[in-house]
Structures are given as structure tokens and as C-alpha cells.
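Please look through the structure below slowly, from one end of the chain to the other, before reading on. The paragraphs after it are meant to be read with the structure in view.

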Amino acid sequence: MPSDTIAAIATAPGIAAVALVRLSGSDAFRVAGAIAERFDAARAREARLLVVHDATGPIDRALVTAFPAPRSFTGEDLVELSCHGGTFTAARLLAACLAAGAREAHPGEFTRRAVLHGKLDLLQAEATGDLLTATAPAQADQALRQLDGNLSRRIAALREGVLQAEALLAYAIDFPEEDDGPLPAGRVEAALVEVQHQLEALLATAADGARVRNGALVVLAGPPNAGKSSLFNALLGYDRAIVAELPGTTRDAIEAEVTMGGHAVRLVDTAGLRPEGDPIEAMGIERSHRWLAGADLVVACMAPDTETSEPSFTSRGPVLLVSTKSDLGQPASPLALAVSAVTGVGVPELRTAIASTLFGAGMAAAAGTSEPLLTRVRHRESVAAGLVHLQAANHELRSGEVVLGAAALRDAAEALAGLLGARDGEEVLDRVFAGFCVGK
């Protein structure tokens, strides 16, 4: 358990009203007392305006607050110093902390210490990072729910179910003569089947969770001059792609970030799909097919003044049929949503259709009507590992191998414990906190 004192600037660089410098560790109060006049650790959680200085003289007047352990973010003695914003003043204040005996914090080290001291579990720590990087309301909402512990509580409850089953097996192993005692035949198997079903339901949320956290890939496809670039601009709300009546204007994919239904979406405009074209256009068409193969959703565009046959492509996700250029007044396919980038007709409905198709389960989770979402690869791998061990336990028990079944249950419980960070794993911690800012 680390106990040395760390310091870092916790706010983004640049000119601002306020910059925040953090100190945490066993010597935090002594360091604060060395640089802040009249600092008093006994006045806990009281923000006081104090002069802060280094060896050369005053640096600034800062708002200084002491948070004694364990009632602090990190669980250690913590001091926050809020000085005037700007690069120079905050850097000078940090240098004064380092000169007084602190060391510079590593990325994410404050949050890491909060995990090590039991103030957060690993899922909540990850949610802290997700909240910092959120660019859409749904991302922030999902991060807040995870920070509040909804996924942690679900994992803890599932792990408890596994441990209870293991305890029943331990009884059966220790007291084999009690065949007709308080442990009914099949009770463990029934309990494991229930936990297995719950793990499967949780694992099924991984794709939706990843789309909520990372943003979904939506690709516009169709023949040349089908209005894809105009629709791309209309969905973005500004001109990003060049639009011209000449077929084949878009030779390469164009990507932009947009929010739909409160969710982050990566929208891609691609080259028109057709069997033949000049060599440059053929390269663009080949890239279009690569984008389409990885799309979470394809918006297939057809226009009344272009080819009527639907282009052939492969995609892992669903396809929304759209009839563009509805302002031309020609009838559209009854299976397609009619839109016009010129008049805006149908564009709001298309945005809603994209969001509901991609994030239906995520929206239900936001409303509290389904499982919490697994949002990271680490989550999916841990739950999948727990499920594999649970299935192995069921197999061993059906084969009469009670001891092997108990061992498999222990492995399942360990996999879920690792998801919460309830076991030692420096490598896991390193992976989680590598992407954090230094002051967090």
C-alpha cells in the first residue's frame, strides 16, 4: 500500500479562472504547512484563503482545504489548493509542493489510491475516467450510473450467489454422510443454473454497452449521386462533405462525430457503390466496403433519379433503407424512410430511427428497466470467464465430481472478484489507470 505523498495539477492546462493542485499521502499536511501560511489540518473540510509561497516568496493567495484520512477521495490525508488559473502560477505552486517533499503523481494515481483504500471499486474508478471523457449525454449518464455502483452491485450479487453455492458444496464435501440432511438433492445445481442465466443476460449487454461508451459507427451507403453527402451534412447540421451533381464526387470516406438521441455516433459518408469506375473511384469503393463491413448500422440511400437496384454490400449490423430527395415529388419505396436534405423533411425521424435501432437496449438500461451495461472489453472478458467456470462447475457436478465442481466455483467467484478489483492485480490496475490524467 503506497504511503508517500504525491502532488499534481488536477485541472486542464491553459488560462482559466481557477487551477487546482492536489496533495495526497501520509505527509500531505506537513507539505501543505510548509507552503501555505497559517495552514491548520485540524480545520478539516474548511476552505480557507491562505498565502502560498516557495523559497523565493509569495506565489498567490489560494483557497486551501484539508481532508483528513479516511474521509477523503483517496482515503489518505488530502489537501486541495485552488489558485488562480494559468500555466505559470499552477506550475510554480506544484513545484513548491515537490520542493517541500512531495513527488509528482503518475497518471490516475489519485484514483488508484482511492481504489486501494476501498473508497471506490475498480468499476467505479473506470466510470470516473469515462465521465471525464464523455462527449454525449448518454455517455455521461452511463458513467454516472456505474459510478453510483449499479454494475458493482449487480456483480457483487452474482458473486454472492456463486459463493453461496460453493458453501453448500463445502457442506456436502465435509459431511458426506448427511445425504438426507438439510441439503436437498439438486439444490446446488438449481442455484447455479439461475446464476448462469443471470450472467448470460449481463454478458448480452456488452455490445450495447460498448456502443454507448465508444459511440456507434453509422455508415451511409448507396449508388453514386444518391444524396449521401447531402444527407451526411444534414445529419451533422453543417457542411462537412462536398456536394455536387456530378456522380462520384465522394472518392474517399469522410468521418465526423455527432450526437443522436443523446448518444455519440461516428457518422461516415462513403464513395458511391457501383460495379465499374476509374481506378481512383474503384479504390474509394473498396474502402467503402471495408467501412460497411465494420458498421454498427448502415443507412442505405436510394434516390428516384439514380439507379433503382439496391447496391450489394456486407455489414455486421442492421440496415435502414432511406429514400432521399423526397423534395423531387416522386414516389418512394414503402419500405424506406423518405427524407430530403434540401427541405429537412424526414431528417429528424431518421435521427430518431438511428438512435432507437442502435441504442434501444441502452435506452432501456438508462430508464432502469434492464441489466446494467458492460461497457469495456475487461468487463466482457471477466463475466465470460466467470460463465465458463460456472458451466464447468455444472458439468462436474452432473458427473458426480463434487470437489472439482467446488474448485470451478471458486474460479468463477475469483473472475467476478477481479472485475471489482477485490483481488491483487497490479497489471490490471496499470491497464485501467494508464489513460487517466495526472491529477486524477
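What follows is a walk through this structure, from the chain as a whole to its sheets and then to some side chains.

The model is a predicted one, and its chain of 440 residues has 47% of them buried. Along the chain there are 14 helices and twelve strands. Of the contacts between residues at least 6 apart in sequence, 61% join residues that are at least 24 apart. The accessible surface of the chain comes to about 20500 Å², and carbon and sulfur atoms account for 56% of that area.

One sheet is open and built of six strands, arranged in the order S3-S4-S5-S2-S1-S6 with mixed pairing. Its edges are formed by S3 and strand S6 (103–104), each of which pairs on one side only. Strand S3 runs antiparallel to strand S4 (residues 57–67), and seven bridges join the two; within this part of the structure, Arg 48 has Val 64 in S4 as its bridge partner. Helix H1 packs on this sheet, where it touches strand S2 (18–24), S3, S4 and strand S5 (78–84), and its direction makes about 30° with that of S5. Helix H3 (residues 109–116) lies across strand S1 (6–9), S2, S5 and S6, and runs at about 135° to S1.

Another open sheet, also of six strands, follows the order S8-S9-S7-S10-S11-S12, and its pairing is mixed. Strand S8 (254–260) and strand S12 (337–338) stand at the edges with a single partner strand each, so one side of each has no neighbour in the sheet. Strand S7 (residues 216–221) and strand S10 (residues 297–302) run parallel and are joined by four bridges, and Val 218 has Leu 297 in S10 as its bridge partner. Helix H9 (residues 228–236) packs on this sheet, touching S7, S8, strand S9 (263–269), S10 and strand S11 (319–323), while its direction makes about 40° with that of S8.

The side chains add some detail to this picture. The structure holds one aromatic pair, formed by Phe 29 and Phe 39, which is tilted, with 6.0 Å from centre to centre and 50° between the planes. Because Phe 29 lies in helix H1 (residues 28–35) and Phe 39 in the loop between H1 and strand S3 (48–54), the pair ties together parts that are ten residues apart in sequence. Both Phe 29 and Phe 39 are buried. Elsewhere, Arg 22 lies over the face of Phe 110, at 5.6 Å from the ring centre.

Conventions: Residues numbered from 1 in each chain as written. Predicted model: local features only at pLDDT ≥ 70, side-chain atom pairs only at ≥ 80, totals over all residues. Heavy atoms only, no water. Buried < 20%, exposed > 50% of the residue type's maximum accessible area, 1.4 Å probe, protein only. Contact = heavy atoms within 4.5 Å. Areas by Shrake-Rupley, 256 points an atom, 1.4 Å probe, with all protein chains shown as cover. Pairing = 2+ DSSP bridges. Axes fitted to C-alpha atoms, helices over the stretch in contact; angles between N-to-C directions. Phe/Tyr/Trp six-rings, centres within 6.5 Å; stacked < 30°, edge-to-face > 60°. Lys NZ or Arg CZ within 6 Å of the ring centre and 35° of its normal.
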